[in-house]
Structures are given as C-alpha cells and as structure tokens.
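Q: Got a minute to go through this model with me? Let's start with the confidence.

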Amino acid sequence: MEAVRAYPATFCSIPTIAALAQLQQTCNPPIFVLITMTEQSPNTHRKIIHIDMDAFYASVEQRDFPEYRGKPLVVGGLPEGRGGVVATASYEARKFGIRSAMSSKKALQLCPHALFVRPRFNVYREVSQHIREIFSRYTDLIEPLSLDEAFLDVTNDKQDIGSAIEIAKLIKQAIKDELQLTASAGVSINKFVAKIASDINKPDGLKFIGPSSIENFMEQLPVEKFFGVGKVTAQKMKQMGLHTGADLKRMEESDLVKHFGKVGKFYYQIVRGIDNREVQPHRETKSLGAEDTFAYDLTTLEEMEAELDKIAITVHNRLLKYELKGRTITLKVKYHDFKQITRNQSFPTPVNDLETISHTAKQLMAATGVDDVKVRLLGISLSNFGELPVKQRDDKELGPGDQLELEL
Ligand code: DCP
Ligand code: MG
C-alpha cells in the first residue's frame, strides 16, 4: 500500500504523530495512512460560491431607463431633501468618489452633474426573487445576505455539474440572459474567502481561490480586509506591526485574544484558511446593528452621546437597507477591561427611525452610570423584528470594515 496524501506534520497534533510513528514501526509492509483533518487545517471538501450583484439598485435603474446608461447615477435620498443618503451609485458615479451611505449632498458636491433617483424597492425585490430562483436550479443550500447577495453551497449540486466554477459561470450567464444584469462571483472552500473573492474582479467578475492558494491568499491580505476589522482595529494592528495576514499568522492565538478580544480566535483560524461556518438556508435575521471601538477610551457622557449618534446613523441606514423595523433596541457597552454589559428597551410597535434609536441608546447609556468609567466600545442593535417581508442577514455577516462581534 502507499500513502495517499500526507499533510504537513505541523497540521498534526503531537499524539497523532506519536501514534503514527508507532504504527510505522509495527507495520510491515509500509502502512497506508490517511490523516484526517484536525482543527488546524482547512476543511477543503466544500464548494462555496458567493454571488453579489454589481451596483445593484443603480444597474437596475440603468437597465430600465436607457437615458441613465453610461451616466453617473445615484440611487437614494435626493440631495435637496434633509438627511438623504446614497444607497448606491453607478460605477460611473463611483469614479467621482461617491459611495453608499454618504450623504446625498456630499455626493452632489463630488459630482455636480450626477443624476439622483429614488429607489424602487418593489423592482429590486422582484429581481432578487428571480436571482434566488436561478440559484435554486443548482442547490437548495442558499443563504441570502441581502437582496443582491447570497452564499451557495454547491458541494453536491442538483445537476451533478461538479465544478463550482462552472456553476458560477452558468449563474452569471443566466442573470445576464434573463435579467440583463451582471453579478460577480467568488468561489472557494469557505464563506469568508468566497465573499472576499467575489469583490476582487468586480464588476462582472469571477474569482476562484482554491485550497492550494488559500493560505497564500490570506497571508497577503491587508488586515483591513479581515472580517470584523474596522478603522480603529486596523490602526491598532498597524501600530503593532501587523499589516497583512502573514503578520497576524505569526501571532499566538492567546495574544490575538488578549489584544482584540474574542474575535482574535477568528483571526487565528481565518489566516489559516479555516472557516467552518455552514451555509444556512433558513437563517433569519435576529438582530441588526453596528458598533465601534474607539482609539481612546471615552470617559464623559458627552463623548459617549456623540459616538452613539454616529452609530445610530449607521444602524438606521442598515435598517433601511434591509427594510427592517425592530421592537427592541439594545445598547452594548464594553469597558477598558473588556467587561461588557447590554441594556435594552422594547416598544409596543416596531421602530426604525433615527430619532428613536439615538434617543433610546443615549437614555440607556445615561442609566448605566457613567461616573468613573472608561468605555472602549459602544454598539446599538435592533431585534425582535417579527414577521417582516425581507428576512435578511444579521450583523454577523457584514463585510470588511464593519466592527462586529462574531459567534465562534
Ligand atoms: N445599499 C444601501 N445602503 C448601503 C449599502 C447598500 O441601501 N449602505 C443597497 C444598495 C445596493 C444594494 O444595497 O445597490 C447592494 O449593496 P452592495 O453593498 O452589494 O452594493 P452594490 O451592489 O450597489 O455595489 P457593488 O457592485 O459594490 O456590489
Ligand atoms: Mg452588490
């Protein structure tokens, strides 16, 4: 017999190596060894696709109104209205620096000849249903993250195609043929890498990151691309000399946890290409929120209120994006010693307006007692959504740049 596959010894636990050595001594002829994966090696058998529509709302508008094609188009609040924000911008508008969640006024300053239109959610919802129907031709393991984005597990695809790259191509083609829209796809062995991959060749992109290139890919990835790494954490990492995945990989797990809290465990695994989260077809949004870690600990109520106002705006935008209203508002406070508390308030009917979110969060904050405290993180989330039309993602699936807590 011959060895089918040998994993590097670093993947094996010490007892495993010892047991093998003993086996080798006792076996003649040489043994047949298949070392199963340990916690320290990536699970390479899954085939995961992440699909994300390109400039979704704007592309739909350009498709339906030929006069918008080739023009800088902004979908969202109108610049003359109060507090309008950009939902998305066409690629032509992005050249001027216009981005989602920016105020529409700022967008107009950046590009005075941009066209501004209000979103047509009913149309986006229809398109979303159609792309999900396309996905379902290949698998039932579909986890939508928002109207324009989903994970698909095609390890055992319905049509026995076998190749995830081929399936991604077929899906992209069907979206083009049937909807006259483009999507980008990322293909890999886990959700994290597939999601990053789909962003690499946008628009109309397809990127495959296979098992043999995954560790290398993670090593060269800038730290800000890592899930859960926001601006402050990225800055802290850089101060510590951590710029890329390779730098993170040199850290002990315990040190990562010491410096970054629970998410340190996730960093430790993900730089090794390990992300065993399953594609969850029936996942419901349980909560949606945002949080921020500060460069300096906050000590006064004024500082905390100012930060809560900013976080409330982000939460409000996300609620609008996913068309959600919640009955419960939760405040999360993490102190300088990582001790964490949550406080919440529930309402008789679901809410999503900015005023209520920021006011409630500030009231809850004041009630925690802020004398003699040092606050390193604040977060606001909404939950208790009830039956609502769009059941999308919870905050644990947001992309790079968002600072969110992970269940590991
Ligand atoms: N959206 C929103 N508010 C945000 C972000 C997004 O209303 N802060 C809406 C508009 C987007 C849609 O959600 O069209 C999908 O979000 P994406 O992040 O996927 O952005 P796009 O599809 O617009 O662009 P990209 O090509 O970068 O995916
Ligand atoms: Mg998109």
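A: Start with a weak stretch. Residues 387-408 stay under 50 in pLDDT, the predictor's confidence in each residue, from 0 to 100. The model still has 54 contacts for residues 387-408 beyond four places in sequence. Two residues are in contact if their C-beta atoms, placed from the backbone, lie within 7 Å.

Q: What does the chain average in pLDDT?
A: The average is 86, and 85% of the residues score at least 70. Over residues 31-38 the pLDDT is below 50. That stretch has 17 contacts in the model beyond near neighbours in sequence.

Q: Ground rules?
A: This is a predicted model: local features need pLDDT of at least 70, side-chain atom pairs count only at pLDDT 80 or more, and totals for chains, interfaces and linings use all residues. Residues are numbered from 1 along each chain as its sequence is written, while chains are lettered from A and ligands numbered from 1 in the order in which they are written.

Q: Which residues come nearest to ligand 1?
A: Phe56, Tyr57, Ala87, Thr88 and Ser100, out of 17 residues around ligand 1. Near means that the C-beta atom, placed from the backbone, lies within 6 Å.

Q: Which elements supply at least two residues of that shell?
A: β1 (48-53), α2 (56-64), β3 (86-89) and α13 (301-321) each do. Helices (H or I, at least four residues) and strands (E, at least two) are DSSP runs, numbered from the N terminus.

Q: And the shell by class?
A: Seven nonpolar, four polar and six charged residues. Ala, Val, Leu, Ile, Met, Phe, Trp, Tyr, Cys and Pro count as nonpolar, Asp, Glu, Lys and Arg as charged, and the others, Gly among them, as polar.

Q: At what angle do α2 and α5 pack?
A: About 100°, with their axes 10 Å apart; α5 covers residues 121-135. Axes are lines fitted to C-alpha atoms, for helices over the stretch in contact, and angles run from 0 to 180 degrees between N-to-C directions. The two helices are therefore roughly perpendicular to each other, a term for 65 to 115 degrees.

Q: Which residues meet there?
A: Phe56, Tyr57 and Val60 in α2 meet Val123, Tyr124 and Val127 in α5. By class, this contact has six nonpolar, no polar and no charged residues.

Q: On to the sheets. What is the order of the five strands?
A: β5-β6-β1-β7-β8, in an open sheet with mixed pairing. Two strands pair if DSSP finds at least two bridges between them. β5 (142-146) and β8 (206-208) stand at the edges with a single partner strand each, so one side of each has no neighbour in the sheet.

Q: How do β7 and β8 pair?
A: In the parallel sense, over three bridges. β7 is residues 183-188. Ala185 has Leu206 in β8 as its bridge partner. Helix α6 (residues 164-179) packs on this sheet and touches β1, β7 and β8. Its direction makes about 170° with that of β7.

Q: And the sheet of four strands, what order?
A: β9-β12-β10-β11, open, with antiparallel pairing. β9 (287-298) and β11 (340-351) are the edge strands, each with a single partner, so one side of each is left without a neighbour in the sheet. The twist averages 15° from one strand to the next. β10 (residues 326-335) and β12 (residues 375-383) pair over eight bridges. Leu331 stands opposite Ile380 there. α13 lies across β9 and β12, at about 150° to β9.

Q: Backbone oddities?
A: The peptide bond from Lys202 to Pro203 is cis, with omega near -10°. Pro203 sits in the loop between α7 (191-200) and β8. Gln180 has a positive phi of about 55°, though not a glycine, and lies in the loop between α6 and β7. Most residues other than glycine have a negative phi, and most peptide bonds are trans.

Technical notes
Angles under 35 degrees count as roughly parallel, over 145 as roughly antiparallel, 65 to 115 as roughly perpendicular and the rest as oblique.
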